[in-house]
Amino acid sequence: MGKYKVSFPHLGSYFVPLEILFTEGLDVEYIMPPTITKRTLELGSRYSPDYVCAPFKYTLGNFIETIEAGANTLVQTGGGCRLDYYGELQGQIIKDLDYNVRFVNLVKTKSSLLITLYNGFKEINPDMSLKKIAKILPVALKMVEYMDTFEDYIRKNAGFEKHPGALKEIHHEFLNELRTVRTKKELNNTYQRYMKRVKGVEVEKPKNPLKVGIIGEYYTIMEPFSNHYIERELAQMGIVVDRWMNVSNSIIHNSKNKMKEHIKNYAEYNMGATSMATINKALEFAKKNYDGIIHVKSSGCTPEIDTMPVLQNISADYKIPVLYFSFDSQTSDIGIQTRLEAFYDMIMMRKEAKN
Ligand code: SF4
């Protein structure tokens, strides 16, 4: 193991493929980013400019936590909005705080994804072996896809388990076993085995359950702490939760042209970051007669603020309710719970009136 102790901010369950990529492909030690907690947000908020969006605060707080856990190399990426500048600013803040670490910013140069990754990998470990990366990268990417499919199944069924918690437990075991996987064959076997287990969990789903689509900003939607575990809350209310936004859909299976064509009556231009995907999925959920849509974002997220008038139009045209959540470091759980309960009552009454 080399001298580099590398980490990347926590985002959902993606620390698993990242661990494999860093240790097996880049031959560096991977410092597992601590799970996001209130402390992460407090740390990040303390050293962040007040006006930045919440993902900046979460990732900064998490960087500090990974330094405390032993990391000496931090990796940051970008995302089609001001996130592209965050690496520079966070690197400077960490330097001003006198932490002696390397900061690898993957968006320092605007090149193709492959060149950006190559340059970033080279900076993380100058002695890296392309052969090792070429061997493990397809495994890590496929793992992301499998994890996303697995979690999608859980979101749609967790609200109907006969024995609540069974799916969560299998998910936990699945992630632990994925951490031991090193080849595509092992990966496929593990995935098939766990998919079979998860589909074997008894669910009692009504014929026509309430269905809610979740749309919104990348980080807020994928890091459950930052959206106050909204998907878990919805599942506990007995709702099918559908969410397209994840790493494999947004990076591997994302067709901007198809989205543009699909939403052309609602938005002519791409407003940046996740805005096109947000509108595209809202329209799809509306056309599929979902009972409601929940839009999540960080407060101050310009691309997602821009989608809101468009979502209002979709809501009016298709008569589908949209609930808007804007999270910041001050948001309280109680306020969210109250609004979710009111939303649930409303979509349930609408459904009953329609039947
Ligand atoms: S998409 Fe929005 S919340 Fe996310 S980093 Fe960009 S501006 Fe911030």
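**Close-up views of a predicted model**

**View 1. A salt bridge links Glu 19 and Arg 179.** In this predicted model, the closest N and O atoms of Glu 19 and Arg 179 are 2.7 Å apart.

**View 2. Three domains make up the domain assignment of the protein chain.** Walking along the chain, you meet domain 1 at 5–128, domain 2 at 140–205 and domain 3 at 207–355. To get your bearings, note that the C-alpha centres of domain 1 and domain 2 lie 27 Å apart.

**View 3. Domain 1 and domain 2 meet at an interface.** Nine residues from domain 1 and 12 residues from domain 2 take part in the contact. The size of an interface is often given as the accessible area lost when the parts come together. Here, domain 1 and domain 2 bury about 920 Å² between them, and 69% of that area is on carbon and sulfur atoms. Two salt bridges are found across this interface.

**View 4. The second largest pocket holds about 1200 Å³ of space.** Its lining is made by 40 residues, and those closest to the pocket centre are Lys 168, His 171, Pro 224, Tyr 229 and Arg 232. Which elements give two or more residues to this lining? They are helix H1 (15–25), helix H6 (130–157), helix H7 (166–178), helix H9 (218–222) and helix H10 (230–236).

**View 5. H7 gives the largest share of the lining of the second largest pocket.** Six lining residues come from H7. Sorted by character, the lining of this pocket has 18 nonpolar, 12 polar and 10 charged residues.

Conventions:
Residues numbered from 1 in each chain as written. Predicted model: local features only at pLDDT ≥ 70, side-chain atom pairs only at ≥ 80, totals over all residues. Heavy atoms only, no water. 1 Å grid on protein atoms, 1.4 Å probe; cavity = no way out; pocket = protein on both sides within 12 Å on 5 of 7 lines; lining within 4 Å. Points joined across faces, edges and corners; volume = space filled by probe spheres on them. Helix = DSSP H or I, 4+ residues; strand = E, 2+ residues; numbered from the N terminus. Nonpolar A, V, L, I, M, F, W, Y, C, P; charged D, E, K, R; others polar. Domains from an automatic or database assignment. Contact = heavy atoms within 4.5 Å. Buried area = accessible area lost by both parts, 1.4 Å probe. Salt bridge = Lys/Arg side-chain N within 4 Å of Asp/Glu carboxyl O.
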